[in-house]
Amino acid sequence: RVAARGRGLTKTYGGGEATVVALDDVDVDIAEGRFTAVMGPSGSGKSTLMHCLAGLDTVTRGQVWVGGTEITGLGDRALTKLRRDEIGFVFQSFNLLPTLTARENITLPMDIAGRRPDPQWLETVIDTLRLRDRLGHRPSQLSGGQQQRVACARALASRPRLVFADEPTGNLDSRSGLELLRFLRRAVDELGQTVVMVTHDPRAAAHSDLVLFLADGRIVDEMPDPSAEAVL
Ligand code: ADP
Ligand code: ADP
């Protein structure tokens, strides 16, 4: 089974002499219930690929499916509903709302959708990400690492089938990073969630089942069952 699929994904920015090809005819299958890491140099198209697969950005050419649904060409309303019901996204820049507390940020997507979180799961997310004593703080009162953990909690709180995380350990110390990676691993192994994670860190990638390597907007290599040494 495939959680997300892309065929002939091409994304260009700008036009004329200034055209940037961020994705160049990419075919990709994200296997359901697996943990996929995406690596590659800065500017190789990792974020663009994640945004296009998650329906946060449109492709210039090509087709994207999430689950069995083709999302290319879906209207805004249908796309919003699908993202809300199926997808969690951890943004590289966190995208937390500054006027809300950590707890309010975490539950906001569910509040908007009129859904109640599974209380036990929500507590597990909060404790695993060590946010218990920061729930009443606003983002400006939190360190970068704490904001990143709030962004992860928000993406995981509704237990979406498909989780995208753009460098989720980038601002974390090694202990917090390891805890988050183990938690993502658990979400995959115990809950059958599908996780796609961009990372620069071979040790983080080693927690995945498959590493996709991007360069110049193409998938140039893939490595199943990676070890940190092999990724290096
Ligand atoms: P990565 O995540 O691997 O660093 P990105 O997907 O962010 O790469 O970017 C891929 C390419 O697309 C880069 O050359 C980047 O400069 C360009 N790019 C990304 N977003 C935009 C944008 N909004 N406008 C113009 N160019 C962009
Ligand atoms: P983390 O490992 O979570 O990134 P840091 O090492 O950045 O935490 O920060 C250590 C402590 O300093 C945090 O527990 C936090 O309470 C406090 N702190 C860091 N940055 C800020 C900030 N901008 N505003 C308030 N407190 C902060």
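This is a chat about a predicted model, covering a sheet and two ligand sites.

Colleague: Start with the sheet. How many strands form it, and in what order?
Modeller: Six strands, in the order E6-E7-E8-E3-E9-E10. The sheet is open and its pairing is mixed.

Colleague: Which strands are at the edges?
Modeller: Strand E6 (87-90) and strand E10 (218-224), each of which pairs on one side only.

Colleague: What does the twist average from one strand to the next?
Modeller: The average is 15°.

Colleague: Take E7 and E8. Parallel or antiparallel?
Modeller: Strand E7, residues 162-166, pairs with strand E8, residues 194-198, in the parallel sense, and there are five bridges. As an example, Phe-164 has Val-196 in E8 as its bridge partner.

Colleague: Which strands does helix H5 lie across?
Modeller: E6 and E7. The helix covers residues 144-156 and runs at about 175° to E6.

Colleague: Changing topic. Which residues are around ligand 1?
Modeller: The run Pro-41, Ser-42, Gly-43, Ser-44, Gly-45, Lys-46, Ser-47 and Thr-48 is there, along with Tyr-13, Val-20 and Ala-22. By type, that shell has four nonpolar residues, six polar and one charged.

Colleague: Which element gives the most to that shell?
Modeller: H1, with three residues.

Colleague: And what lies 2.8 Å from an oxygen atom of ligand 1?
Modeller: A polar side-chain atom of Lys-46. Thr-48 has a side-chain N or O atom 2.5 Å from an oxygen atom of the ligand. Ser-44 uses its backbone instead, with an N or O atom 3.1 Å from a ligand 1 oxygen.

Colleague: How much of ligand 1 does the protein bury?
Modeller: It buries 58% of the 560 Å² that ligand 1 exposes when taken alone.

Colleague: Now ligand 2. Which residues are around it?
Modeller: Arg-134, Ser-140, Gln-141, Leu-142, Ser-143, Gly-145, Gln-146, Arg-149 and Asp-173. They divide into one nonpolar, five polar and three charged.

Colleague: Where does Arg-134 come in?
Modeller: A polar atom of the Arg-134 side chain is 2.8 Å from an oxygen atom of ligand 2. The side chain of Ser-143 also has an N or O atom 3.1 Å from a ligand oxygen. For Gly-145, a polar backbone atom lies 3.3 Å from an oxygen atom of ligand 2.

Colleague: What share of ligand 2 does the protein cover?
Modeller: Ligand 2 has 540 Å² of accessible area on its own, and 44% of that is covered by the protein.

Technical notes
Residues numbered from 1 in each chain as written. Chains lettered and ligands numbered in written order. Predicted model: local features only at pLDDT ≥ 70, side-chain atom pairs only at ≥ 80, totals over all residues. Heavy atoms only, no water. Pairing = 2+ DSSP bridges. Helix = DSSP H or I, 4+ residues; strand = E, 2+ residues; numbered from the N terminus. Axes fitted to C-alpha atoms, helices over the stretch in contact; angles between N-to-C directions. Contact = heavy atoms within 4.5 Å. Near = heavy atom within 4 Å. Polar contact = N/O pair within 3.5 Å; in protein donor to acceptor, adjacent residues only side chain to side chain. Areas by Shrake-Rupley, 256 points an atom, 1.4 Å probe, with all protein chains shown as cover. Nonpolar A, V, L, I, M, F, W, Y, C, P; charged D, E, K, R; others polar.
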